[in-house]
Structure formats: C-alpha cells, structure tokens
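Q: I have this one open on my screen and would like to talk through it. Could we start with the strands and then move on to the charged pairs?

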Amino acid sequence: MSHRRPVDLRHALASLDPLPGELVRVATELPARYGVSAHYARWAGAPAAPPTGAGPAVLFDRVRPDDGPTRAVLMGLYGTRRRAAGLLGCTPAELPHRLLDAVGAPARRSPPPTRPAGRASRCRWTSPRCRCRSSPTRTPGPT
C-alpha cells in the first residue's frame, strides 16, 4: 500500500483491492442479524481468546436488514497496523505518534449552520426511497 492517504472510502477500497489478502469481497446475500458477524468470524480468527489474528478487511456487498433494501457493510478496515498506517498516509512506526498527536490536538469543527426559528428545511433528495420528516434545527441561543 502506498503512503498516500486515500481521500475517501472508495479510494481506500481501491488501494486495498490489488494487495493480496487485504480485502475480501463477499457477494452472497446475508441477513444483517447474525449472518454478517458469523461470516466475518471466519477471517477474524474467532472464536478465539483476544487478541485474534490479523485478518483482511471484508466487504459484504449485499446485507439484508430486517426491513428495507440490501446494503453494503465493511468490517476490519483498520484491522492491522500496516493497513491503518497505509490508509492514514504514514508508516507503521509513525502510526502511534500520529494517533497521539491527533488525540492531543483534535480537529476543530465549525458549528453547523443555523436557520431562523420557525423555518423548516426542504428536502433536496429526489429518490423515492427518501423519507423526509421535519426535524428540529439548531438556532442561535442567547449571547
């Protein structure tokens, strides 16, 4: 894996694809309840006492929830130090220091945008599967 940090999950998966044993794709449809965890246990070395062995990241392409359409589920993306370091754009030796630096100086998040009280936002999604409901929005408080 190169030491360039992927920009999103698709790039992360694309960087793992050519590496033997780093990503397993499961195309079989599985039930979300118990099916995914039972199949993942095969690669994670379970059932065994922790720590289990290093296993690949596993992408289940078709996971069926109790209701609704099938979805993809990814497990074990940061399952090894080598893989985590590659995904974060550093070497395995640099990984603990990068993580400690991140904990010591968390990224500053800007506050979410506010709306005037009483104005509801409109849904911008056009998919028929989207079920939009009114939700409370954050409004500026007293200063």
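A: Gladly, and please keep in mind that this is a predicted model. To begin with the strands, β1 and β3 run parallel and are joined by 4 bridges, and within that pairing L23 stands opposite A57 in β3.

Q: What about β2 and β3, parallel or antiparallel?
A: The pairing of β2 with β3 is in the parallel sense and extends over 2 bridges, with P31 having R64 of β3 as its bridge partner.

Q: OK, and how do β3 and β4 run?
A: Those strands, β3 and β4, run antiparallel and are joined by 4 bridges, one of the facing pairs being F60 and V73 in β4. The two strands form a hairpin with 6 residues between them, and in that turn G68 has a positive phi of about 105°.

Q: Switching to charges, how many salt bridges are there?
A: The count comes to 6 salt bridges, including the one between the side chains of D17 and R25, at 3.0 Å from N to O.

Q: Are D17 and R25 buried or exposed?
A: Each falls in the partly exposed class, D17 with 41% relative accessibility and R25 with a relative accessible area of 43%.

Q: Back to R64, which residue does it form a salt bridge with?
A: The partner of R64 is E29, and the closest N and O atoms of the two are 2.8 Å apart. R64 lies in strand β3 while E29 sits in the loop between β1 and β2, so this pair ties together parts that are 35 residues apart in sequence. R64 is partly exposed at 35% relative accessibility, and E29 is partly exposed as well, with a relative accessible area of 29%.

Q: And which residue does R33 meet?
A: The side chain of R33 meets that of D66 in a salt bridge of 2.7 Å, N to O. Because R33 lies in the loop between β2 and α2 and D66 in the loop between β3 and β4, the pair ties together parts that are 33 residues apart in sequence. Both R33 and D66 are exposed.

Q: Which residues are joined into a network?
A: E22, R82 and R83 are joined into one network by salt bridges that share partners.

Q: Last topic, which residues of α3 are buried?
A: In helix α3, which covers residues 81–88, the buried residues are R83, A84, A85, G86 and L87, and the buried residues of α3 pack against α1, β3 and α4. The helix is followed by G89, whose phi is positive, near 75°.

Definitions and conventions. Residues are numbered from 1 along each chain as its sequence is written. This is a predicted model: local features need pLDDT of at least 70, side-chain atom pairs count only at pLDDT 80 or more; totals for chains, interfaces and linings use all residues. Side-chain values use heavy atoms; hydrogens and water are left out. Buried means under 20% relative accessible area, exposed over 50%, partly exposed in between (1.4 Å probe, protein chains only). Contact means heavy atoms within 4.5 Å. A salt bridge is a side-chain nitrogen of Lys or Arg within 4 Å of a carboxyl oxygen of Asp or Glu. Two strands pair if DSSP finds at least two bridges between them.
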